[in-house]
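Me: I have a structure open on my screen and would like a close look at one part of it: the charged side chains. Could you walk me through them in one go, and tell me which are paired and which are not?

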Amino acid sequence: MRRDNLTWVNDFVLLGLSRDQRVQVGLFFLFGAAFLLTLLGNGLMVLLTGLDSRLHLPMYFFLGHLSVVDICYTSSGVPQMLVHLLQETKTISFARCGAQLFFSLALGGTEFLLLAAMAYDRYVAVCDPLRYAAAMSPRLCGLLAAVCWLVGLANSSVETAITMRLPTCGRNVLNHVACETLALVRLACVDITLNQVVIVASSVVVLLVPCCLVSLSYAHIAAAILRIRSSQGRRKAFGTCASHLAVVSMSYGMALFTYLQPRSAASAEQDKVVVLFYAVVTPMLNPLIYSLRNKDMKAALRRLLRGRTNTPQH
């Protein structure tokens with residue numbers, strides 16, 4: 001494909017994780033099992049939060065959205081990755097590469113923003129419990145969720161358009177497991193200053209700002225918990241935030257570790273690990289963390305198995 005004397009390619013070749021066939025087969029079964037667990041766990045979370053009337057609360061409303069994001073995020077990249085693990089030459093078309101980049105950026109950004117909205121929900125629940133029902137109204141929850149999705153989609157649209165317009169002068173080999181922004185930018189044969197500005201701005205919008213909001217919320221939550229006199233009360237208050245705090249620490253921790261270190265210290269192999277962490281590990285662990293530490297989710301699952309999700313409890 002040639003435009004204005006600069007060359008775009010029709011497809012890309014991904015180098016993947018390993019060229020050892022036995023390693024690739026092992027990874028296929030490992031990632032395949034993780035993918036199935038992700039679909040099962042998050043699908044069950046969506047089912048429970050949607051069907052059980054006792055879970056029609058703000059926290060579970062956002063949790064349902066988070067599970068939808070995880071299902072879509074892992075489905076946007078892992079199936080292609082599994083196919084590539086069984087192929088000697090791992091090619092992906094230009095259009096499919098652009099679509100994969102768009103969905104990974106949109107869903108990743110939406111997840112970070114949803115975690116910030118969930119942190120605000122926990123802040124209101126702990127710091128202002130008497131006004132919780134009025135403050136976290138269905139209208140506000142719906143508005144927050146809509147903003148998370150719209151900002152994630154808008155951010156991804158801009159970054160994807162700016163990235164995919166870069167000519168590569170015929171180079172099409174990506175040292176990666178998926179179509180990822182930095183890997184694509186490295187192939188460019190023109191000035192990438194605009195791309196660097198967009199990447200930084202995107203990181204501020206979907207990572208730095210939400211991270212600051214989460215930190216501020218938990219600073220107030222910690223102060224409120226410390227003011228509780230009884231140890232039982234402190235444990236109960238902390239218990240309402242423990243699952244979310246674990247997911248936040250896992251998600252933001254990896255992102256901050258990646259983006260705050262000097263780019264010279266980063267490597268293509270490390271970029272692969274980060275993508276695999278967010279595409280395979282995080283979506284699989286999120287439902288486990290929330291279900292194992294949440295009595296309401298366990299009770300909802302038991303009611304679902306008994307077919308009593310909407311029966312009032314006396």
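Reply: Happy to; below I set the scene with the whole chain, then go through the charged pairs, and end with a charged residue that has no partner.

Please keep in mind that this is a predicted model. The protein chain contains 10 helices and five strands. Its radius of gyration is 21 Å, close to the 20 Å that the globule rule gives for 314 residues, so the chain is as compact as a globular protein of that length. Measured out along the principal axes, the C-alpha trace spans about 70 × 40 × 35 Å. Of the 314 residues, 48% count as buried. Take the contacts between residues at least 6 apart in sequence: 79% of them join residues at least 24 apart. The accessible surface comes to about 16,000 Å², and carbon and sulfur atoms account for 66% of that.

Now to the charges themselves. The chain carries 27 positive and 15 negative side chains. The centres of these two sets lie 12 Å apart. How many salt bridges does a search of the whole structure find? The count is five, and I will take you through some of them.

Let's begin with D20 and R22, whose side chains meet in a salt bridge with an N to O distance of 3.9 Å. D20 is partly exposed, at a relative accessible area of 31%. R22 counts as exposed because its relative accessibility is 71%, and the cut-off for exposed is over 50%.

Another pair is R131 and D128, with their closest N and O atoms 3.0 Å apart. Both ends of this bridge have some access to the surface: R131 is partly exposed at 48% relative accessibility, and D128 is partly exposed at 27%.

The bridge between R54 and D52 has an N to O distance of 4.0 Å. Here D52 is buried, with 0% relative accessibility, whereas R54 counts as partly exposed at 23%. Since the cut-off for buried is under 20%, R54 falls in the partly exposed class because of its 23%. These two residues also belong to something wider: D52, R54 and R303 are linked in a network of salt bridges.

That leaves the unpaired residue, E111. Where does E111 sit? You will find E111 in helix α3, which covers residues 94–127. E111 is buried yet has no salt bridge. The nearest side chain of opposite charge belongs to R122, and that one is 16 Å away. What is E111 in contact with, leaving aside its neighbours within four places in sequence? The list is L66, V69, D70, S251, T282 and N286.

While you are looking at helix α3, you can also pick out A99, which lies in this helix. A99 is partly exposed, with 31% relative accessibility. Its C-alpha atom is separated by 9.1 Å from that of C179, a residue 80 places away along the chain.

To put the two buried acids side by side: D52 is buried and is linked with R54 and R303 in a salt-bridge network, whereas E111 is buried and has no salt bridge.

Notes: Residues are numbered from 1 along each chain as its sequence is written. Side-chain values use heavy atoms; hydrogens and water are left out. Buried means under 20% relative accessible area, exposed over 50%, partly exposed in between (1.4 Å probe, protein chains only). Helices (H or I, at least four residues) and strands (E, at least two) are DSSP runs, numbered from the N terminus. The radius of gyration is taken over C-alpha atoms; the globule rule is 2.2 Å times the number of residues to the power 0.38. Contact means heavy atoms within 4.5 Å. Accessible areas come from the Shrake-Rupley method with a 1.4 Å probe; for residues, only the protein chains shown count as cover. Lys and Arg count as positive and Asp and Glu as negative; His and the chain ends are not counted. The place of a charge is taken as NZ of Lys, CZ of Arg, CG of Asp or CD of Glu.
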